[in-house]
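Me: I have a structure open on my screen and would like to learn how to read it. Could you take me through some of its features, one at a time?

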Amino acid sequence: MRVRMTCPVAVTASLVLLTGCGAADMTKQASPFANARGTKTVTLSVQSWVGAQSNVAVAQYLLEHKLGYRVDTVQVDEIPAWDALSQGRVDAILEDWGHPDQEKRYVDDKKTIARGGELGVTGHIGWYVPTYFAKQHPDVTNWKNLNKYASQFRTAESGGKGQLMDGSPSYVTNDKALVDNLNLDYQVVFAGSEAAQITQIRRFAKERKPFLTYWYAPQWLLKKVPMTEVKLPAYKEGCDADPAKVTCGYPHTPLQKYLNADFAKDGGKAAAFLKKFRWTTEDQNEVSLMIADQKLTPEQASEKWVDSHASTWKKWL
Amino acid sequence: MATLTTPAPRLAALPGFLRHQAVRKLLLLALAAAVLVPLANARWSSGSWPATLTVDLTKPLTGASDWIIDNRDSHPLFLYFFGHLSNGVVLSVRAVYLVLLGAGWAGVTAAGALIAWRVAGVRLALGTAAAFLACGLLGMWVPTMQTLALMVVAVLASVVVGVLLGLAGGLSERLDRALRPVLDTMQVLPAFAYLLPVVLVFGIGVPAAVLATVVYAAPPMARLTALGLRGADKEVLEAVDSLGATARQRLLTARIPLARKELLLGLNQTIMMALSMAVIASVIGAGGLGDRVYQALASVDVGAALAAGIPIVLLAVVLDRVTAAAGDGSDGSYGSGGGDGPARWTAWAYAGAAAVAVALTGRVAGRLDWPDAWTVPIAAPVNDAVGWMTDHLYSGVPVVGGTADWAGRFTTWVLDPVRDGLQGLPWWAVLLLVAAIAWPIGTWRTALTAVLALAATGVLGVWEPSLDTLSQVLAAVAVTLVLGFATGIAAARSDRVERLLRPVLDVFQTMPQFVYLIPVVALFGVGRAPAVAAAVVYALPAVVRITTQGLRQVDPAAMESARSLGATGAQQLRQVQLPLARPALLLAVNQGVVLVLAVVIIGGLVGGGALGYEAVFGLAQGDLATGLVAGAAIVCLGLMLDRVTQPADRRTKKGA
C-alpha cells in the first residue's frame with residue numbers, strides 16, 4: 001500500500017523540480033500539445049464563424065505544406081482569444097472585428113500583443129431580410145417601414161411582436177438598444193450561437209418564410225440564402241459611443257490580424273508569413289463555401305483553393 | 001410543472017399520521033405568511049423583486065477581473081502559485097501525450113486491450129481494441145490521444161483530491177459534517193458556472209480545463225472514499241487494533257483495503273464525470289475531441305461533429321465497463337484473469353511485455369501515426385440522413401403536424417403560461433410556494449435552504465431571468481419524467497426492451513450535448529423549445545435507468561402475492577410496483593432535475609435565453625459580472641430544486 005500512497009507525492013515533487021522554484025511566467029504558456037516530436041508548432045485561434053475558419057485553414061495548409069510547421073488550432077471566442085494571445089497560448093488571431101478596449105489594454109499598455117496588419121477583407125454588420133421577401137415588398141428594406149411588417153415576422157418565441165433574430169453572444173450588437181430607440185415593434189431573440197442561427201435561417205429559406213435577422217458580410221451563407229440589407233440610420237464616427245443611446249447602424253470595419261508579441265519577434269518564417277497573409281473577400285468566401293456548404297474538410301477546401309490561386313499565396317511566403 | 005404537481009398524490013400515498021404532519025407544517029407556514037406578507041407588501045408594494053433587496057455586483061466583479069488581468073504577469077500570487085500549478089498541469093499533460101504518441105497507434109491499442117484483459121477479461125479486451133481502432137478509422141487518432149492525455153492527468157488529480165477529502169471526511173466526524181454541504185454544492189454546480197473564473201486566472205487552455213474538471217469530478221471520489229472508510233467492518237478493525245497497530249498502519253492495512261470496492265466505484269464515477277467535462281472544457285480551449293466537436297458545429301456540420309463524438313462515447317463505454325469490472329471482481333481476483341498473487345503479477349508482466357513489443361514493432365516499422373488511408377468518412381452520409389430527417393419532419397407531416405408546429409405549440413401552450421405565471425406571481429408568493437412544497441417533503445431546514453437559494457437569485461438581481469429559466473426547467477423535467485417513467489416501466493417489464501435500450505441509453509448519456517445542438521434547432525427552430533428538447537435528451541437516460549432498476553428491485557414476494565390474488569398487470573404495476581419503488585422514482589425525479597439544469601447553458605446556445613444565454617455571454621465576452629452572476633443564479637436554482645425534490649429520508653442516507 002505504501003507504494004501507492006507515495007506515488008502522487010513523488011509525481012508532485014518531480015513536477016515542482018521540473019518547473020523550477022523560481023517565478024513562473026504567465027505570459028509564456030504554450031499548449032501542451034505544441035512542438036510534439038520536435039516539429040515547430042504554430043497555434044492559431046479559430047473563431048466560431050466560418051470566415052475565420054477559412055483564414056485559418058488556408059494559413060494552416062500553407063504553413064504545413066510549404067513551410068514545414070505543425071499547426072494546432074483552438075476554437076475560442078473573440079475576447080478570450082485576446083487574452084489567450086497575450087499569454088502565448090495562441091500565436092495569432094487572423095480576423096478581428098475591432099475591439100478598441102482590448103487593443104488599448106494589450107497592444108498599447110501591456111505590449112504583449114502586436115499588430116499583424118490588415119486581412120484584406122472588410123466586414124459589415126447589418127439587418128437582413130431574405131431577397132425573395134424584399135422583392136415582394138421593396139419598402140421593407142428601410143427601417144422606417146419595419147413596423148408595418150412586424151406581424152409577418154412573428155414567431156412563437158417573439159410573443160406578439162416581430163422577431164429580430166440575433167446570433168452568438170460573442171458578436172458585437174446594439175440591436176436591443178436599436179429596437180428600443182427606433183421605437184420598433186420587435187423582439188430581439190438571441191439564437192445563442194451562429195450554428196443555431198444559420199440552421200434557422202436555412203430552415204426559413206427552405207419554407208420561403210419571411211424573417212429579419214442580424215447578419216454580416218462577408219459570409220458564405222449569403223450565397224446560399226440571398227439576403228438584402230435593411231437600411232438603418234447611417235453610421236457616423238462616434239454615434240455608437242453610448243451603447244444605450246445608439247440610433248445608428250453599424251460601421252464598415254477593415255478586419256485586422258494580431259500576433260503574440262514574442263511570436264511576432266521570434267516566430268521566424270511563420271510570423272513573417274502570417275503578417276503578409278492578405279486576401280480578398282471573394283477568396284475567403286470561396287473557401288468558406290466549400291467548408292460550410294459542400295462539407296469539405298477545411299484541409300480539402302484549402303488544398304483546392306491553394307492549387308488554383310498560386311499567384312496570391314506565393315507573395316506571402 | 002412536475003415538481004409543482006407531484007407532491008399532491010405523493011402526500012395522499014403517505015400514511016395517516018404523516019399527512020397530519022404535512023398539514024400541520026402547511027398551517028404553520030400559512031400563519032407565518034399571514035404575518036409576513038402584509039409587512040412585505042407594505043414596504044415593497046410592487047409584485048416584482050424589490051430593488052432595495054438587490055445587490056449589484058457588477059462593479060466589484062469587473063474590478064476583480066481587471067485586477068487579475070493587470071496583475072497576472074507580475075503579482076507573486078500568480079508567479080509563485082498559479083503559474084507553477086499551470087506549468088505543472090501543462091508538463092504532465094504533455095508528458096502523457098508524448099508517451100501516447102511515442103507508443104504509436106498499435107502500441108496504445110495493444111496496451112489498452114491488455115489492461116482490459118487483465119482487469120476485466122477477454123470480451124472487454126476485444127471491445128477495447130475495437131474501440132481504439134474505431135477512433136483511428138474515424139480519423140480522430142490524434143485528438144483522441146489529446147483527450148486521453150488530458151483525461152489521465154485530470155482523473156489522477158481528481159482521485160488525489162477526492163481521496164484526500166474522503167480520508168478527511170471518513171476519519172473525522174466533524175470534518176465530514178463540514179465537507180458535506182461543500183460536496184453537495186459542487187455536485188449541483190453546473191459545469192459552465194465555474195469555467196469563467198478558472199479561465200480568468202489560468203487563461204484559455206489545458207490548465208484551466210484540467211482544474212475545472214477536478215472541481216467537477218472529485219466529489220464522487222471524496223464521497224465514496226468517506227463511505228468506504230466508514231463502512232469498514234468493525235470486527236476487522238478491532239482485530240487490527242488488538243494487534244497493536246498504529247493509527248497509520250490501521251488505515252493503510254485495514255481500512256483502505258476494506259474500502260476497495262467503494263474506491264473503485266468512486267474511480268469509475270470520477271472517470272465518467274471527467275470525460276463529460278473534457279467536452280464542455282472545449283469551450284475554453286482544451287483541445288482534443290471536444291474541440292473537434294465544437295469546431296464542426298461552427299460550420300453546421302453534424303456529421304463531422306458526430307465523427308468526433310463517437311470516440312468520446314467509445315472511450316466512455318470502455319472506461320466505464322473496465323473500471324466497473326474491476327470493482328465487481330472483489331476478493332482480489334480480477335475478473336476472469338484471476339489467480340493468486342505471484343501468478344497474477346506474472347500475467348501482468350507478460351501483458352506489459354506484449355504491449356511494449358507491439359509498440360516497438362510499430363516504431364521500427366515507422367507506423368506511429370494512424371495511416372491517412374485507413375479512415376472512413378462518415379460525415380457526408382450522416383449529414384444526408386440528418387437533412388432528410390429534418391426535411392421530412394419539420395412541417396407538413398399529415399395528421400400529427402411537423403416538429404416545428406409542435407415546438408410552436410409547446411412554446412405557446414406550455415412554456416409561455418408557466419413562465420408568465422411564475423413571473424406574474426408576486427415575489428413573496430413564489431417563495432411561499434417553494435416553502436410549501438419543500439417543507440412537507442423534507443425538514444424545516446430543507447425548506448429554508450430552498451427558499452434562501454431562490455431568494456438569492458433575486459438579491460443577485462436576476463429574478464426575472466431566473467424564473468424564465470425555472471419555467472424551462474420545470475417543463476423539461478415534466479416531459480422527461482413522462483417519457484422516462486413510461487420507457488422505464490416498459491424496460492422493467494420486458495428484458496428484450498431493456499437489452500435494446502441499453503446501448504441507446506449509453507450513447508445518449510455520453511454523447512457530448514454539443515452534437516445534437518444542430519439537429520435540435522433543425523427540428524424545433526430557434527427558441528426555448530429546442531432548449532427543452534436538448535435537456536430532455538440529456539436527462540432521459542438517467543431517469544429511465546433509475547426507474548427500471550427501481551421497479552425491478554421490488555420485492556418478488558410482494559409481486560408474487562399480488563399475482564396470486566389475481567391482480568392484472570396494470571393493477572400490479574399501479575398498486576404494488578410503483579408504490580414500492582417510490583424511493584427510486586423520487587431519486588429519478590431528483591436526478592432529472594439536476595441533469596436538466598446542467599444543460600441550461602446548452603439551451604442558451606440554441607435560443608433558450610435567460611440565465612443560460614447570460615452565462616454563455618459572460619464566457620464569450622469575458623464579462624465576469626454577467627457570467628458569474630448568471631452562473632451563481634443557476635447554482636441557486638439547482639440547490640433549490642435539489643432540496644425541493646429530495647425527500648428527508650434520503651438526506652440521512654447520504655451522510656453514510
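Reply: Happy to. Let's begin with contact, which here means heavy atoms within 4.5 Å. Keep in mind throughout that this is a predicted model.

Me: Then which residues does Leu94(A) touch, not counting residues up to four places away in sequence?

Reply: Leu94(A) touches Asn55(A), Val56(A), Ala59(A), Leu119(A), Gln256(A), Lys257(A) and Leu274(A). You will find Leu94(A) in strand β3 (residues 92-96) of chain A.

Me: Is Leu94(A) buried or exposed?

Reply: The general idea is a cut-off: buried means under 20% relative accessible area. Leu94(A) has 2%, so Leu94(A) counts as buried. For a sense of distance, its C-alpha atom and that of Gly68(A) are separated by 20 Å, with the two residues 26 apart along the chain.

Me: Let me try another one. Where is Gln284(A), and what is Gln284(A) in contact with beyond its neighbours within four places in sequence?

Reply: Look in helix α12 (residues 281-292) of chain A for Gln284(A). Its contacts are Gly51(A), Ser54(A), Asn55(A), Glu95(A), Leu119(A), Val121(A), Pro218(A) and Trp279(A). With a relative accessible area of 1%, Gln284(A) is buried.

Me: Pro218(A) is in that list. What is the peptide bond from Ala217(A) to Pro218(A), cis or trans?

Reply: For this you read the omega angle. The bond from Ala217(A) to Pro218(A) has omega near 5 degrees and is cis. Pro218(A) sits in the loop between β7 (212-217) and α9 (221-224) of chain A.

Me: And phi? What is the phi of Lys111(A), and of Ala610(B)?

Reply: Here you look at the sign of the angle and at the residue type. Lys111(A) is not a glycine, yet has a positive phi of about 55 degrees. Lys111(A) belongs to the loop between α4 (100-109) and β4 (113-130) of chain A, and at 59% relative accessibility it is exposed. Ala610(B), also a residue other than glycine, has a positive phi near 50 degrees. Ala610(B) is in helix α29 (residues 610-621) of chain B and is buried, at 14%.

Me: Now salt bridges. How many does the structure hold over all chains?

Reply: The test is a side-chain nitrogen of Lys or Arg within 4 Å of a carboxyl oxygen of Asp or Glu. The structure holds 23 over all chains. One of them joins Arg115(A) and Glu103(A), with the closest N and O atoms 3.0 Å apart. Arg115(A) is in strand β4 and Glu103(A) in helix α4 of chain A, so this pair ties together parts 12 residues apart in sequence.

Me: Which parts of chain B does the pair Arg419(B) and Asp468(B) tie together?

Reply: First the pair: Arg419(B) and Asp468(B) form a salt bridge, the closest N and O atoms being 3.8 Å apart. It ties helix α18 (residues 403-424), home of Arg419(B), to helix α21 (residues 463-493), home of Asp468(B), across 49 residues of sequence. Arg419(B) is buried at 19%, and Asp468(B) is buried at 11%.

Me: Which other residues are joined with these two into one network?

Reply: Salt bridges that share partners join Glu157(A), Asp416(B), Arg419(B), Asp420(B), Asp468(B) and Arg528(B) into one network.

Me: How many residues does each chain bring to the contact between chain B and chain A?

Reply: For an interface, ask who takes part and how much area is buried. Chain B brings 76 residues and chain A brings 66 residues. Together they bury about 6000 Å², with 56% of it on carbon and sulfur atoms. On the side of chain B, Ile204(B), Val526(B) and Tyr613(B) lose the most area, together 11% of what that side buries.

Me: How many salt bridges cross this interface of chain B and chain A?

Reply: The rule finds three. In one salt bridge, the side chains of Asp70(B) and Arg105(A) meet at 3.9 Å, N to O. Helix α5 (residues 76-120) of chain B gives the most to its side of the interface, with 17 residues. The residues on that side divide into 39 nonpolar, 25 polar and 12 charged.

Me: Finally, what is the confidence in chain B?

Reply: Read pLDDT residue by residue as well as by its mean. The mean for chain B is 80, and 91% of its residues reach 70 or more. Over residues 1-12 of chain B, pLDDT stays under 50, and over residues 330-338 it is below 50. The model scores ipTM 0.82 and pTM 0.81.

Note on methods: Residues are numbered from 1 along each chain as its sequence is written. Chains are lettered from A and ligands numbered from 1 in the order in which they are written. Side-chain values use heavy atoms; hydrogens and water are left out. Buried area is the accessible area (1.4 Å probe) that two parts lose on being put together, summed over both. Helices (H or I, at least four residues) and strands (E, at least two) are DSSP runs, numbered from the N terminus. Ala, Val, Leu, Ile, Met, Phe, Trp, Tyr, Cys and Pro count as nonpolar, Asp, Glu, Lys and Arg as charged, and the others, Gly among them, as polar. Buried means under 20% relative accessible area, exposed over 50%, partly exposed in between (1.4 Å probe, protein chains only). pLDDT is the predictor's confidence in each residue, from 0 to 100.
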